[in-house]
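User: Please take me through this model. I want short answers that I can check against the coordinates.

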Amino acid sequence: MNIDTFSNRFVWHLAMSAAPSPPKDSYRYQCGFGNHFSSEAVPGTLPLGQNSPQQCPGGLYAEQLSGTAFTVPRRDNQRSWLYRTRPSVCHAPFKKVDNGLVHTDVGNLEVNPNQLRWKPFPVPGLATPTDWVAGLKTLAGAGHPSVKHGLAVHIYTANTDMINKSFYNSDGDFLILPQLGTLDIQTEFGVLLVPPGSMVVIPRGICFSVRLPEGTGRGYVLEVFGSHFKLPDLGPIGANGLANPRDFEAPVAAFEEKEGVKHTKVNKYIGQLWESEQDWSPFNVVAWHGNYYPYRYDLSLFNTVNTVSFDHSDPSIFTVLTAPTTDPGVAMADFVIFPPRWQVAERTFRPPYYHRNCMSEFMGLIFGLYEAKQEGFLPGGASLHSCMTPHGPDTDTFAKASAAELKPMRMANDTLAFMFESSLMMGLTPYATSTNIDDDYWKCWQGLKSNFVAPGSDKK
C-alpha cells in the first residue's frame, strides 16, 4: 500500500499554538513492520525469480545488505537485495577523522548515581554551519560496539543540510526522534520525511543523508549495538494494541544518477569516525527487495493501554519498540512514550509512582509538560535516573495529585514525553557532565516531608 497524503498525519502536536506546520510530504511509502517489500523506481529493473542473475536488468549491480548472520533462524533473519548503478565498494580508502563530540568508547565513561537533568541543548547559530553528523553528540552509554552488546544515547543539534555527504553506522541501529524541525532523510532505499511527533529507525550499515526543510533541527538518538528493534509481545493484551504493525512505513525506491561530483561518505566504526571520498552518489539504488530497511512511525497512532480500575500501570505498557537481550523479557533498550491519554483510575495516586529501578531510565520531552515534572523538565532537555537511583513526582506534583478530584480526565494533552530504558548501567561523556546540567534538580524533592500519622493516634 502506498501512502500519498500527509495532510491528516502528525496533527496531534499541531494543536499546540506554537507548533509550526510540517512541510508537505510528497513521498510515497509501503506499510507494515518487518514485511518483505519489493520496490523499483524504474519498472522492470527488479530481477524476477532470483537475486543475483548473470546480468541484472538495465545493467545494474546486485548487492546484498545483511542485517543478521546468514544462519540466524528465518523468523529473525534480516537482509535486502539492492540493485544499483554502481556497487558500494567503489570508493577511496577511509581515513580517520576527528570525532567531534561523538564518544569513541561508551564502555569507558564517567559514572554518577545522582538524579540528573539537562536544560534544552542549544542549537548552533547561523555563524556556525553544522550538519546532522557534525551536530551529533554522545551523552551516555554502556557496553561496546565491538562485541555487539550495548547502547549509546546521543542528541543532535544542526542548522544546515548534508550536501554531497552521507553517513552510515557500522556499530548499530539508530532510532531518531526529532524534537525541533522536520528531518528529510534520503537513504539508499528511498526518502522519508520525519517531523517532530514521529520517529525513524535506520538500521546498521544503511547509508543516509539529512536535510533540514525548516532550517534547524534538534532531537534525540538511541543507538543499539546488539539486536535490532522489534515490536514488544502483547501477551494478555491480545492481538491488537500499542504500536500496530500496519502503521510503520518504509520508503519506496528512489534514486539519483549523480556522477562526477565529489561525495564524502562518513562511517562510524567501533566508535571512531572515518571518511571516504567517491565521485558518485550512494543513493543510486534503482530497485530493491527484502526485510532490512529504514522505517518511520507516527507516534500519535500508538494505541495506549491503561488501567480502567485502580493503581498506576507499569510504564512498560507504553513500549513502542524493544531491542531485546538474550535474557527473556530483559531489554538492551526499550523505547517508551507517554502520549495524551485518559486517566480514570479510582482511589489512586495518578502520576507515576516513586520508584527505584533495576533499569536505567533516560527521558526526554518532545513538546508539552510532563505530568510528573511540571517545571524544569523542558522540550529539548533530558533526564537520567540510573539503576536503583530513586525518582518520582516532584513536591508540587505530589501535593496536587494527592488532593485532586478523581474524575475522568484527559492527561498529557499536547504533550509527548519518551523514555529510553535499558538493563545496562550507563556512564556519562565529558560533554554530558559539563553542558546544560540543571544543578538544582535534586531540590525538587526536598519539600517532601513526613506526613505519617499512625492509625489510632491522636497526632494532628
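The questions below go through sheets, cores and charged pairs.

Analyst: This is a predicted model: local features need pLDDT of at least 70, side-chain atom pairs count only at pLDDT 80 or more, and totals for chains, interfaces and linings use all residues. Residues are numbered from 1 along each chain as its sequence is written, and side-chain values use heavy atoms, with hydrogens and water left out.

User: In the open sheet of 6 strands, which strands stand at the edges?

Analyst: Strands (E) are DSSP runs of at least two residues, numbered from the N terminus; two of them pair if DSSP finds at least two bridges between them. The sheet runs E6-E25-E24-E27-E22-E21, with antiparallel pairing. Each edge strand has a single partner, so one side is left without a neighbour in the sheet. The edges are strand E6 (116–118) and strand E21 (319–324).

User: Within E24 and E27, what is the bridge partner of Gly364?

Analyst: Strand E24 covers residues 360–367 and strand E27 covers residues 416–422. They run antiparallel and are joined by 7 bridges. In E27, Gly364 has as its bridge partner Phe418.

User: Which strand gives the most residues to the largest nonpolar core?

Analyst: A nonpolar core is a set of buried Ala, Val, Leu, Ile, Met, Phe, Trp, Tyr and Cys residues joined through side-chain atoms within 4.5 Å. Buried means under 20% relative accessible area, exposed over 50%, and partly exposed in between (1.4 Å probe, protein chains only). The largest core has 57 residues, and Leu175, Phe335 and Phe362 are among those touching the most other members. The top contributor, with 6 residues, is strand E22 (residues 331–338).

User: How many residues are in the other core, apart from the largest?

Analyst: This second core lies apart from the largest one. Its members include Met162, Leu192, Leu212 and Ala250. Its residue count is 35.

User: What is the order of the open sheet of 9 strands?

Analyst: The pairing in this sheet is antiparallel. Its edge strands, E1 (29–31) and E28 (427–428), each pair on one side only. Strand E16 (residues 248–251) and strand E20 (residues 295–298) are joined by 2 bridges. The full order is E1-E16-E20-E13-E10-E15-E8-E7-E28.

User: Which residue in the turn of the E17 and E18 hairpin has a positive phi?

Analyst: E17 and strand E18 (residues 272–280) pair in the antiparallel sense over 8 bridges. Lys268 has Leu273 as its bridge partner in E18. The hairpin has 2 residues between the strands. The one with a positive phi, about 50°, is Ile270.

User: Which residue in E17 stands opposite Tyr168?

Analyst: Strand E9 (residues 165–169) pairs with E17 in the parallel sense. The two are joined over 5 bridges. Opposite Tyr168 stands Asn267.

User: Lys265 is buried yet has no salt bridge; what is the nearest side chain of opposite charge?

Analyst: Lys265 sits in strand E17 (residues 259–269). Lys and Arg count as positive and Asp and Glu as negative; His and the chain ends are not counted. A salt bridge needs a side-chain nitrogen of Lys or Arg within 4 Å of a carboxyl oxygen of Asp or Glu. The nearest opposite charge, 6.1 Å away, is Glu188.

User: Lys268 lies in strand E17; which residue does its side chain meet in a salt bridge?

Analyst: The N to O distance is 2.8 Å, and the partner is Asp171. Asp171 lies in the loop between E9 and strand E10 (173–180), so the pair ties together parts that are 97 residues apart in sequence. Both residues are buried. The partner of Lys268 is Asp171.

User: Is Arg86, which forms a salt bridge with Asp279, buried, partly exposed or exposed?

Analyst: The closest N and O atoms of Arg86 and Asp279 are 3.3 Å apart. Arg86 is in the loop between E4 and strand E5 (95–96) and Asp279 in strand E18, so the salt bridge ties parts 193 residues apart in sequence. Asp279, at 39% relative accessibility, counts as partly exposed. Arg86, at 23% relative accessibility, also counts as partly exposed.

User: What is the N to O distance in the salt bridge of Glu63 and Arg84?

Analyst: The whole structure holds 14 salt bridges. Glu63 and Arg84 are both buried. Their N to O distance is 2.9 Å.

Definitions and conventions
Helices (H or I, at least four residues) and strands (E, at least two) are DSSP runs, numbered from the N terminus.
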